[in-house]
Amino acid sequence: MSGLASEHQPEVILFPTTSRGRELAAMVAVDLKTGVLPDVTDLEVQDGKVLATRPVYGGKLLSKVVCNAMPQIITLRVRAFSPPEIDSSRTGQIDQVPAAVAEDEIKSKVSGYTEGQKGVSLNDAAVIVSGGRGVSNNPALEPPAGMDEGEVEIWRAQEGFKLVRNLAGVLGAAVGASRAAVDAGYIPYEHQVGQTGKVVSPDMYIACGISGAIQHQAGMRTSKVIVAINKDPEAPIFKMARFGVVGDLFEILPLLTESLKTRLSS
Ligand SMILES: Cc1cc2nc3c(=O)[nH]c(=O)nc-3n(C[C@H](O)[C@H](O)[C@H](O)COP(=O)(O)OP(=O)(O)OC[C@H]3O[C@@H](n4cnc5c(N)ncnc54)[C@H](O)[C@@H]3O)c2cc1C
């Protein structure tokens, strides 16, 4: 990338805000002695320069930034941009450049893959159904005999996450989680949404039993439609939700899943 950029002198280089995209953008910027505008959610051109918008302070504020050095390296938040209207008067040229790295220059080698959990990935998902600490809160669920208190909590949470997964299955959605759910061992870290998890921008984000702490909001605030299911009407998540259901997720999720299954199959 650095070699190509030195050869062609582009004004702007765009990467996706993925782990690899961030890493590559930073390394190319060091090579080219320029800066990076990371995790951008909107772009305009002003006075010949890119004016980028990026959420800061956990998404509480949107800052407008420019990169004063050239090339302007920018990482774009995945799914934050709608596909543009097709304008057939505009033309462009796509040059495919093979990666010119000799085998013996590669310092690390991929020795194999292990299959991850099946299901839709959070980064690509148009719809995400997420569960929080509330998914373990169903005292009416009778655990199998012989479990200690900690085991009962995990068992209850796993029963709760089955409801989250069922709804996700009907909607072709990915399953997300709050950090409280991840830290308590209900679900692996790869599902965590938020400041220290993944930042997502799906068309619809359904938060089940999640209070909506600022660090969680940092990861899902730019979702297009937010739906919250929570039994506490004062939960902060309702302040950002387009649709809110005040109630027990253990009653609501099965009803919602069945109803959507019927509607989507007819
Ligand atoms: C540095 C730092 C980084 C962090 N990073 C992240 C992050 O990346 N992602 C993240 O999520 N958090 C993060 N956190 C933690 C964050 O502050 C919150 O503690 C966490 O998001 C709370 O998760 P929760 O909403 O699942 O749990 P809680 O805040 O405990 O909320 C549980 C909710 O479930 C509801 N509920 C309970 N039972 C039911 C039921 N039966 N039906 C319906 N609703 C029910 C309750 O009313 C409550 O609102 C971070 C914190 C710090 C300090």
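User: What makes Val-127 and Met-204 partners: where does Val-127 stand?
Analyst: Val-127 stands opposite Met-204 in strand 9. Strands are DSSP runs (E, at least two residues), numbered from the N terminus. This is a predicted model, where local features need pLDDT of at least 70, side-chain atom pairs count only at pLDDT 80 or more, and totals for chains, interfaces and linings use all residues. Residues are numbered from 1 along each chain as its sequence is written.

User: Why is strand 7 said to pair with strand 9?
Analyst: Two strands pair if DSSP finds at least two bridges between them. Five bridges join strand 7 (residues 127-131) to strand 9, so they pair. The two run parallel.

User: How do you know which way strand 9 and strand 10 run?
Analyst: Strand 9 and strand 10 (residues 225-230) run parallel, with five bridges between them. Cys-208 stands opposite Ile-229 in strand 10.

User: Why is strand 9 called mostly covered?
Analyst: A residue is buried if 20 or more other C-beta atoms, placed from the backbone, lie within 10 Å of its own C-beta. In strand 9 (residues 204-208), four of five residues are buried, so the strand counts as mostly covered.

User: What makes domain 1 and domain 2 touch?
Analyst: Residues are in contact if their C-beta atoms, placed from the backbone, lie within 7 Å. Seven residues of domain 1 are in contact with nine residues of domain 2. The bounds, 2-78 for domain 1 and 127-265 for domain 2, come from an automatic or database domain assignment.

Technical notes. Buried ≥ 20, exposed ≤ 12 C-beta atoms within 10 Å, placed from the backbone. Contact = placed C-beta atoms within 7 Å.
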